[in-house]
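Student: Got a minute to go through this model with me? I'd like to start with the strands and then wander a bit.
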Amino acid sequence: KAPTTTVTVSGGSCSGGGTSYQCTATATVAFAVDETAKVYYAQKVGSAPTVSSRSSYGKADFSITVTGDERSTVYLKYYAVDESDNEETPASISIYYRDVTPPTSSVTVAAATGTSTTCSQSGTAYECDGASVATITVNETASIYYKTGTGSAPAVSTSDTAYNADVSVSVSVNDTYISFFAQDSAGNAET
């Protein structure tokens, strides 16, 4: 009779079960076999590996550490072979590493097209002597939320209009404030 391997995934803020898990950090994969056996395994990012060669193995119960980049899937394939050379049918699991990093947005301010406006920057404040354009960019695919106000910085939230590309805001009024932030498709929002 072929051995049976049970796999447990823990750590890394993992959720899921069976053959599919989602984690936010390094996970520990524990192998437990119902008899004395060697467990052969292979792991690969992006697609299922093959375990035709018997190169990576552990005896009986053991654990390995599995890491992956955000938004990547690590596939792990394994099977056990007992002392009588009975071989378990290969099984596999996948671990998807969720995106947990918020995007980062920034703003630059320049003269409006066709003007001779000059702008200077001091920290997060810009001072321009005429019409200007503020361009908000983000370092990854994300929605940009912004709001403008005069006199003080307005509150901005996800209930405001979302823009899915860089945003250019025309500014022609003195003392204009622009509040903005970005949020990616995983729901990570910058603060």
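Student: In E17, what is the bridge partner of Ile144?

Tutor: The partner of Ile144 in E17 is Ala182. Keep in mind that this is a predicted model. Close by on the same strands, Ser143 stands opposite Gln183 in E17.

Student: Over how many bridges do E14 and E17 pair?

Tutor: Nine bridges, in the antiparallel sense, with E14 covering residues 142-150.

Student: And what's the strand order in that open sheet?

Tutor: The order is E15-E14-E17, three strands with antiparallel pairing. Strands E15 (162-163) and E17 (176-184) are the edges, since each pairs on one side only.

Student: How many bridges join E14 and E15?

Tutor: Two bridges, again antiparallel. In one of them, Tyr145 has Ala162 of E15 as its bridge partner.

Student: Switching to side chains: what sort of aromatic pair do Tyr146 and Tyr163 form?

Tutor: A search of the whole structure turns up seven aromatic pairs. Tyr146 and Tyr163 make a tilted one, at 5.4 Å centre to centre with 40° between the planes. Tyr146 sits in strand E14 and Tyr163 in strand E15, so the pair ties together parts that are 17 residues apart in sequence.

Student: Why count that angle as tilted, rather than stacked or edge-to-face?

Tutor: Because stacked needs planes under 30 degrees apart and edge-to-face needs over 60, and this pair has 40° between its planes.

Student: Is Tyr163 buried, exposed or partly exposed?

Tutor: Tyr163 is partly exposed, with a relative accessible area of 33%.

Student: Which residues form an aromatic cluster?

Tutor: Phe31, Tyr41, Phe62 and Tyr78 form one. Phe31 also belongs to the covered face of strand E4 (residues 27-33), together with Ala27, Val29 and Val33.

Student: What's on the uncovered face of E4?

Tutor: Thr28, Ala30 and Ala32. Two of those residues turn up again in the strand pairing: Thr28 in E4 has Ser10 opposite, and Ala30 has Ser63 in E7 as its bridge partner.

Student: How many bridges does E4 make with E1, and how many with E7?

Tutor: Strand E1 (residues 5-10) and E4 pair over six bridges. E4 and E7 pair over five. The sense is antiparallel for E1 with E4, and antiparallel for E4 with E7 as well.

Student: Back to the other end. Where is Asn188 found?

Tutor: In the segment after E17. Asn188 is buried, with a relative accessible area of 14%.

Student: Which backbone oxygen does the Asn188 side chain reach?

Tutor: The backbone oxygen of Asp99, at 2.9 Å. Leaving aside neighbours within four places in sequence, the contacts of Asn188 are Asp99, Val100, Thr101, Pro102, Pro103, Ala182 and Gln183. Ala182 is the residue we met as the bridge partner of Ile144, and Gln183 is the one opposite Ser143.

Student: Backbone oddities next. What's the phi of Arg71, and where is Arg71 found?

Tutor: Arg71 has a positive phi of about 60°, although it is not a glycine. Arg71 is in the loop between strand E7 (62-66) and strand E8 (72-82).

Student: Why would that be worth pointing out?

Tutor: Because most residues other than glycine have a negative phi. Asp85 is another residue with a positive value, near 70°. Asp85 is found in the loop between E8 and strand E9 (91-97).

Student: Zooming out, how many helices and strands are there?

Tutor: Zero helices and 17 strands.

Student: And what are the spans along the principal axes?

Tutor: The C-alpha trace spans about 85 × 25 × 25 Å. The radius of gyration is 27 Å, where a compact globule of 191 residues would be near 16 Å.

Student: What share of the residues is buried?

Tutor: Buried residues make up 33% of the 191. About 10700 Å² is exposed, with carbon and sulfur atoms supplying 45% of it.

Student: Last one: what percentage of the contacts between residues at least 6 apart join residues at least 24 apart in sequence?

Tutor: 61% of them.

Terms used:
Residues numbered from 1 in each chain as written. Predicted model: local features only at pLDDT ≥ 70, side-chain atom pairs only at ≥ 80, totals over all residues. Heavy atoms only, no water. Pairing = 2+ DSSP bridges. Helix = DSSP H or I, 4+ residues; strand = E, 2+ residues; numbered from the N terminus. Buried < 20%, exposed > 50% of the residue type's maximum accessible area, 1.4 Å probe, protein only. Polar contact = N/O pair within 3.5 Å; in protein donor to acceptor, adjacent residues only side chain to side chain. Contact = heavy atoms within 4.5 Å. Phe/Tyr/Trp six-rings, centres within 6.5 Å; stacked < 30°, edge-to-face > 60°. Rg over C-alpha atoms; globule rule 2.2 N^0.38 Å. Areas by Shrake-Rupley, 256 points an atom, 1.4 Å probe, with all protein chains shown as cover.
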